[in-house]
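Welcome! Open the viewer, keep the sequence at hand, and try each exercise before reading its solution.

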Amino acid sequence: MTATSVPTASAGSATGVTSSHSAPRVRIRVNRLVLYTVLVALTGLFIGPFGWLVLTGLKNPAELAASPVHWLPDHVQWHNFADAFNLIDFLGYARNSLIIALIYATLVTLSSAWVGFGFARLEAPGKKPLFGILLGSMMLPQLITLLPTYLIFAKLGMVDTYWPWVLWGLAAAPYLVFLFRQFFAGLPQELEEAAIVDGCGYATIFWRIFLPQSWPVLSASFVIAFTWSWGDYIAPQLLLSTDRSTLAVAVMSTYVTTAGTPVTNLQAAASVMYVVPILLIFLIAQRGFVAGMATTGLK
Amino acid sequence: MTADQISSVARRPAGAARKTGRVRAADRPRTSMTARRHRAFYLFTSPWIIGFLLLTVVPMAYALWLSFTTYDGISPNWRYVGLGNYSELLTDSRTWDSLGRTGLFAATSVPLSIIAGLGLAVLVNRPIKARGLFRTLLYLPAVVPPVGVGLAFKALFDQNSGAANGVLTLFGFDALGWLADPYARYVLLMSVLWAAGNIMIISLAGLQDVPRELHEAARIDGASAWRTFRSVTVPLLSPVLLFQTVTGVIASVQTIMPLLLTPDGTTAGVTALPQSNYLYMMHVFGQYFALGRYGYASALLWVLFVLILIVTGLIFRFTSGVVFYNVDPEAKK
């Protein structure tokens with residue numbers, strides 16, 4: 001993903017050299033000035049909303065109510081973060097989010113690898129149309145199918161349990177299946193041939209030979225699925241009661257006074273604490289994450 | 001090793017010794033090898049096939065059945081009404097209004113996101129210093145979960161404490177009620193554009209796949225930078241852009257962001273939506289959760305589902321002559 005720096009970079013490095021006489025050099029320099037100004041401005045614009053959320057979380061209520069906007073807090077209210085932690089059972093909700101995300105990400109990664117292996121290395125009549133359905137199902141509007149699924153889960157008594165996430169995990173996710181399929185299809189044929197001659201079943205071949213080879217995809221898939229689940233708002237909002245719900249739901253709806261008015265600064269602080277783990281996971285796992293995104297996005 | 005056990009059970013009759021199975025596998029005639037492969041294929045793909053049937057096909061069929069009834073989850077006297085719900089939704093002005101708004105939202109947010117994402121990709125694909133840092137920072141908002149996006153934009157566009165009104169008053173303009181009518185739609189649009197880094201990253205991967213010879217050839221032929229972009233880069237990126245258009249339309253049709261921008265983000269909050277953000281899906285939510293009209297709401301869902309299929313089909317149809325596949329996607333990896 002990174003690098004592949006093209007040789008035209010020489011045009012860029014030329015700006016460092018002092019050459020005030022030749023006109024093209026000056027033009028290149030001005031161009032680069034414009035380029036960097038645009039880049040910095042755009043980056044500021046993109047980071048701005050999140051920066052403002054952090055600032056909001058560091059103000060006191062009076063500053064938030066002040067009429068010409070109070071740009072910076074007079075006294076940085078670090079304790080807002082601790083207060084946000086204590087006003088609601090933040091850790092309890094975070095634990096619920098974590099449990100659901102771990103259950104889902106683990107199961108869906110394994111099931112998608114399993115299904116991806118089938119599509120990559122095995123043949124059977126009906127494979128082509130099935131693969132077509134798999135690709136098509138990536139484009140199914142999930143929110144539309146979620147609403148009737150919710151009614152069915154309610155009928156089966158699975159509301160307020162984590163069973164829906166277990167089932168979704170076992171059912172494999174088309175995006176991740178495709179990710180694994182692409183990876184497994186690229187491995188050499190000899191890998192399983194020797195094992196087949198030795199009489200190994202395909203499950204053994206998958207478990208012993210293919211899975212250990214696929215750490216990069218496994219971790220990418222796990223991170224992607226984890227962030228899906230951590231970020232999901234509507235499914236836990238529908239399926240779980242307030243106490244058993246996830247951090248996403250709690251941050252959105254529980255930061256209110258007894259009178260029902262939102263506690264804006266604490267909510268902002270809480271949402272920062274809710275978002276930051278995902279940003280950190282992304283920054284740590286950046287390469288695999290982005291490669292995964294690119295693979296599924298390209299098809 | 002449960003997976004192995006499952007496959008062993010599926011592969012040979014119960015009780016067959018492992019040893020004999022092994023011997024047979026080696027001298028088995030070709031046909032049974034093939035049969036084994038076929039069985040294995042279905043064994044491996046079955047979690048997805050079963051999951052797809054139970055968690056997608058069955059719920060959608062259930063919704064179709066409900067859409068012909070007055071089911072509300074409480075009243076035991078619900079009954080079959082045929083196409084009654086469908087004829088009701090056709091005469092409900094909110095259906096048409098919200099559908100029009102949703103269409104407008106998709107028709108603006110998707111092209112703008114793609115233009116923004118593509119523009120950013122071209123910008124950070126240039127040889128610049130700290131390229132990785134710029135890419136990361138521009139992409140980062142795309143990882144922020146919806147709840148974070150909603151709260152960030154509510155803070156940014158708050159009537160009193162929002163930075164947007166701060167800037168307006170700084171330049172002598174009046175503060176605006178951004179989160180109310182008629183401005184809420186622009187906040188919604190901006191919240192979607194904030195994630196343009198997503199398209200940037202995907203386009204960037206595509207840009208790096210563009211063979212360099214093509215750019216060099218264009219330069220030798222004396223093509224301008226814009227001409228090269230239009231005639232070389234964009235056609236080569238067209239499969240990526242098509243995919244982004246389709247997924248973008250589907251995502252914008254079912255976005256819950258209007259809900260997250262209300263003071264109370266719960267499904268009960270649909271009643272507090274400003275008119276300009278009352279999209280079709282919000283109409284469905286209102287009927288589903290605020291009123292519990294599952295039958296009627298299911299009819300609304302099915303109409304949307306069919307419309308999405310039609311629109312997706314039309315997009316593929318109208319772009320089939322325009323999209324250029326450089327490599328066979330099957331043979332690519």
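Below are six exercises on this predicted model, each followed by a worked solution.

Residues are numbered from 1 along each chain as its sequence is written, while chains are lettered from A and ligands numbered from 1 in the order in which they are written. In this predicted model, local features need pLDDT of at least 70, side-chain atom pairs count only at pLDDT 80 or more, and totals for chains, interfaces and linings use all residues.

**Exercise 1. Find out where the confidence of the prediction is low.**

Step 1. Start with the averages of pLDDT, the predictor's confidence in each residue, from 0 to 100. Chain A averages 85, with 88% of its residues at 70 or above. Chain B averages 84, and 88% of its residues score at least 70.

Step 2. Look for the weak stretches. In chain B, pLDDT is below 50 over residues 1–26, a stretch with 23 contacts beyond near neighbours in sequence. It is also below 50 over residues 327–333 of chain B, where the model has five such contacts. In chain A, pLDDT stays under 50 over residues 1–20, with 20 contacts beyond four places in sequence. (Two residues are in contact if their C-beta atoms, placed from the backbone, lie within 7 Å.)

Step 3. Compare the elements of chain A: helix α1 (residues 9–13) has the lowest mean pLDDT, 39, and helix α8 (residues 163–170) the highest, 97. Where pLDDT is low, the predicted coordinates should not be read in detail.

**Exercise 2. Describe the fold of chain B and its contact with chain A.**

Step 1. Count the elements: chain B has 16 helices and zero strands. Helices (H or I, at least four residues) and strands (E, at least two) are DSSP runs, numbered from the N terminus.

Step 2. Check burial and contact range. Of the 333 residues of chain B, 37% count as buried. A residue is buried if 20 or more other C-beta atoms lie within 10 Å of its own, exposed if 12 or fewer, and partly exposed in between, with C-beta atoms placed from the backbone. Among contacts in chain B with a separation of 6 or more, 68% link residues 24 or more positions apart.

Step 3. Turn to the interface, where 83 residues of chain B are in contact with 90 residues of chain A. Helix α3 (residues 30–66) of chain B gives the most to chain B's side, with 17 residues. That side divides into 55 nonpolar, 22 polar and six charged residues. Here Ala, Val, Leu, Ile, Met, Phe, Trp, Tyr, Cys and Pro count as nonpolar, Asp, Glu, Lys and Arg as charged, and the others, Gly among them, as polar. For the complex, the predictor gives an ipTM of 0.85 and a pTM of 0.84.

**Exercise 3. Work out which residues join helices α5 and α9 of chain B.**

Step 1. Locate the pair: α5 (residues 93–124) and α9 (residues 184–193) of chain B pack at about 40°, their axes 9 Å apart. Axes are lines fitted to C-alpha atoms, for helices over the stretch in contact, and angles run from 0 to 180 degrees between N-to-C directions.

Step 2. List the partners. Thr108(B), Ser109(B), Leu112(B), Ser113(B) and Ala116(B) in α5(B) meet Leu189(B), Val192(B) and Leu193(B) in α9(B). This contact has five nonpolar, three polar and no charged residues.

**Exercise 4. Locate the centre of contacts in the largest nonpolar core.**

Step 1. Such a core is a set of buried Ala, Val, Leu, Ile, Met, Phe, Trp, Tyr and Cys residues joined through C-beta atoms within 7 Å. The largest holds 105 residues, of which Ala152(B), Met200(B) and Leu301(B) touch the most other members. Helix α15 (residues 294–319) of chain B supplies the largest share, eight residues.

Step 2. Follow Met200(B): leaving out residues up to four places away in sequence, it touches Gly117(B), Leu120(B), Ala121(B), Leu138(B) and Tyr139(B).

**Exercise 5. Decide whether Phe289(B) is buried or exposed.**

Step 1. Place Phe289(B) in helix α14 (residues 280–290) of chain B.

Step 2. Apply the cut-off: Phe289(B) is buried because it has 20 C-beta neighbours inside 10 Å. Beyond four places in sequence, Phe289(B) contacts Thr267(B) and Ala268(B).

**Exercise 6. Inspect the unusual backbone geometry.**

Step 1. Recall that most residues other than glycine have a negative phi, and most peptide bonds are trans.

Step 2. Find the cis peptide bond between Asp181(B) and Pro182(B), with omega about -5°. Pro182(B) sits in the loop between α8 (163–170) and α9 of chain B.

Step 3. Check phi at Ala130(B), which is positive at about 55°. Ala130(B) lies in the loop between α5 and α6 (131–139) of chain B, and it is exposed because 12 other C-beta atoms are within 10 Å.
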